[in-house]
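The following exercises concern a single predicted model. Each task is followed by a solution in steps.

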Amino acid sequence: MRTQQQWMDLRQQHNIEGRAFINGQYQDSLSGETFEVINPATEEVIAYVARCSDQDAIAAVEYAKGAFRSGEWAGQSPAARKQVLLKLADLIEQEKETLALLETLDTGKPISHSYQTDIPGAASCLRWYAEAIDKIYGEVATTEHNVHAYITHQAVGVVAAIVPWNFPLWLACWKIGPALAAGNSVILKPSEKSPLTAIFLGQLAQQAGLPNGVFQVLPGFGHEVGDALARHHDVDCIAFTGSTRVARQLMICSGESNMKRVWAEAGGKNANIVFADYKNLDKAAQETAAGCFYNQGEVCVAATRLLVHESIKEEFVRKVIAASEAFTPKDPLDPSSSMGALIDQEHKNKVLSYIRQGVEEGATQLCGGSVQCKGAFVSPVILDNVTNDMTVAQEEIFGPVLCVIPFSTEEEAIQIANDSPYGLGAALWTSDLDRAHRVARKLEAGSVWINNYNEGDMTVPFGGFKQSGNGRDKSLHALEKFTEVKTTWLRLGSY
Ligand code: NAD
């Protein structure tokens, strides 16, 4: 990988594209308005991006619908779509350096993470769906002999993918991959806080051979564009990742328009339970720190609530404090950095105010906090003596803040873990096999990790119970979101 200086040099060579990608070409927004994109590590403006509005959304939907109806993409064989998506994955890999640099400048995340994880993750996601799509068959129903009924899966039509800022390209590909593979037209609406890699993807999609209108990118500010897409009668499906608040709003828009499917991957407040019988507390402590502080804690499945048995609490927390030192914030362009800047100053202030509130409500701050330098840096914070009814234990902070909550019995641990409006992920650490399965079964979460935190690859579904959302990203299950099930009946002997 490049050195810090070489990444900075590469930055100088790039003219960053900020226009929307509509119907196969880059365009300014119809109003001509733009918004600033700021590097949160340096506070410099790095790009001016098209501020699209309702009018741009209306135009893009028309192109998307036209492309879908034309059958230019949806009507191709799965094997043909596969070739185009494989090419797109290859192009992402070829442009890995540029994409990683854009991701890091835009979000403040460490360059090694962008380069080694996010961008390769995006490419391999597309490749996975490309490879899968020509291996999925329909069904023949077990009907009477005088009829024949078969069940097929058909693309839903126009999909609006509305995504957040924490893993911009990677999470976008979790939507784009299955949606395009299934034959839909996709309009990608990136977050205004991190639109650059999505915009860059437009030209790669063109190069790969996606027909005009099949893949478009509409940057917009806040609710702009997203709201228009969610209310549009020709958008058939919203694939959303973001906050529970906005997910709810999108469901209202759907109900007030055409009842489009709204698939939501939303927030989390995940419990990580450490039982006293677990033999390798050093490993558990390292994964607890990484589970909470990776990506500056800006992760929906971050291990933010540490439920630890009271008999080992002091020892275990000491180990977690030591492990959290691996996450000392540094310049994100330094390849040795494992923690960068938060997404922006506003978010940093929000995270700091949660920490203050936690202390006011009775928690003890053991380490970390604001880093006094330019940029939105916060070092890992551990709050001890937290009870599950405190604001810091109930609300999603989305920053590097770990809440320590002791428990005395297995039942109590399960009760605390499930006492949350969210149900995205949960983990438990135990050397007792019976307990592992007993507890895993009772946890109200879409993913449960036993003796690890946050294992995952494309083969497994990802999503939440309760207010963490509905539907699943990743795996073959994600295709269910982007396809309709059709039953076709044929009466035999009727010709
Ligand atoms: P957000 O909900 O504020 O924004 C998400 C997207 O929605 C952005 O593109 C934003 O511009 C757009 N948007 C905002 N208001 C809108 C409105 N009224 N109508 C339509 N679109 C609107 O979320 P965020 O701050 O970007 O991301 C952080 C959140 O995402 C956290 O809650 C986190 O847990 C969640 N998240 C969930 C997952 C998951 O898989 N469950 C993964 C990553 C992030």
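**Exercise 1.** Locate Gln296 relative to the secondary structure, classify it as buried or exposed, and state what sign its phi has.

Solution. Step 1: Gln296 falls in the loop that runs between α10 (281-293) and β13. Step 2: the relative accessible area of Gln296 is 1%. Buried means under 20%, so Gln296 is classed as buried. Step 3: the phi of Gln296 is positive, about 60°, although the residue is not a glycine.

**Exercise 2.** Carry out the analysis of place, accessibility and phi for Asn451.

Solution. Step 1: Asn451 belongs to the loop between β19 (447-450) and β20. Step 2: its relative accessibility is 23%. Because the partly exposed class lies between 20% and 50%, Asn451 counts as partly exposed. Step 3: Asn451, a residue other than glycine, has a positive phi near 55°.

**Exercise 3.** Determine which strands pair with β16, and in which sense.

Solution. Step 1: β13 (residues 305-309) pairs with β16 in the parallel sense over five bridges. Within this pairing, Leu307 stands opposite Ile405 of β16. Step 2: β15 (residues 378-384) also runs parallel to β16, joined by three bridges. Here Ile382 has Leu402 in β16 as its bridge partner. Step 3: as for cover, six of the seven residues of β16 (residues 401-407) are buried.

**Exercise 4.** Give the strand order of the open sheet of three strands and explain why β5 and β21 each have one side without a neighbour.

Solution. Step 1: the order is β5-β6-β21, and the pairing is antiparallel. Step 2: β5 (139-140) and β21 (483-491) are at the edges with a single partner strand each, so one side of each has no neighbour in the sheet. Step 3: β6 (residues 147-155) is joined to β21 by nine bridges, and Tyr150 stands opposite Thr488 in β21.

**Exercise 5.** Describe the setting of Ser468 and its distance in space from Glu265.

Solution. Step 1: Ser468 is placed in the loop between β20 (465-466) and β21. Step 2: with 0% relative accessibility, Ser468 is buried. Step 3: Ser468 and Glu265 are separated by 203 residues in sequence, yet their C-alpha atoms are 6.3 Å apart.

**Exercise 6.** Identify which residues accompany Asp419 in a surface patch of negative charge.

Solution. Step 1: Asp419 gathers there with Glu360, Glu361, Asp389 and Glu395. Step 2: Asp419 lies in the loop between α14 (410-418) and β17 (422-423). Step 3: its relative accessible area is 35%, which makes Asp419 partly exposed.

Methods
Residues are numbered from 1 along each chain as its sequence is written. This is a predicted model: local features need pLDDT of at least 70, side-chain atom pairs count only at pLDDT 80 or more; totals for chains, interfaces and linings use all residues. Side-chain values use heavy atoms; hydrogens and water are left out. Patches are made of residues with over 30% relative accessible area and no salt bridge: like charges are joined within 9 Å, nonpolar side chains (Val, Leu, Ile, Met, Phe, Trp, Tyr) within 5 Å. Accessible areas come from the Shrake-Rupley method with a 1.4 Å probe; for residues, only the protein chains shown count as cover. A salt bridge is a side-chain nitrogen of Lys or Arg within 4 Å of a carboxyl oxygen of Asp or Glu. Lys and Arg count as positive and Asp and Glu as negative; His and the chain ends are not counted. The place of a charge is taken as NZ of Lys, CZ of Arg, CG of Asp or CD of Glu. Helices (H or I, at least four residues) and strands (E, at least two) are DSSP runs, numbered from the N terminus. Buried means under 20% relative accessible area, exposed over 50%, partly exposed in between (1.4 Å probe, protein chains only). Two strands pair if DSSP finds at least two bridges between them.
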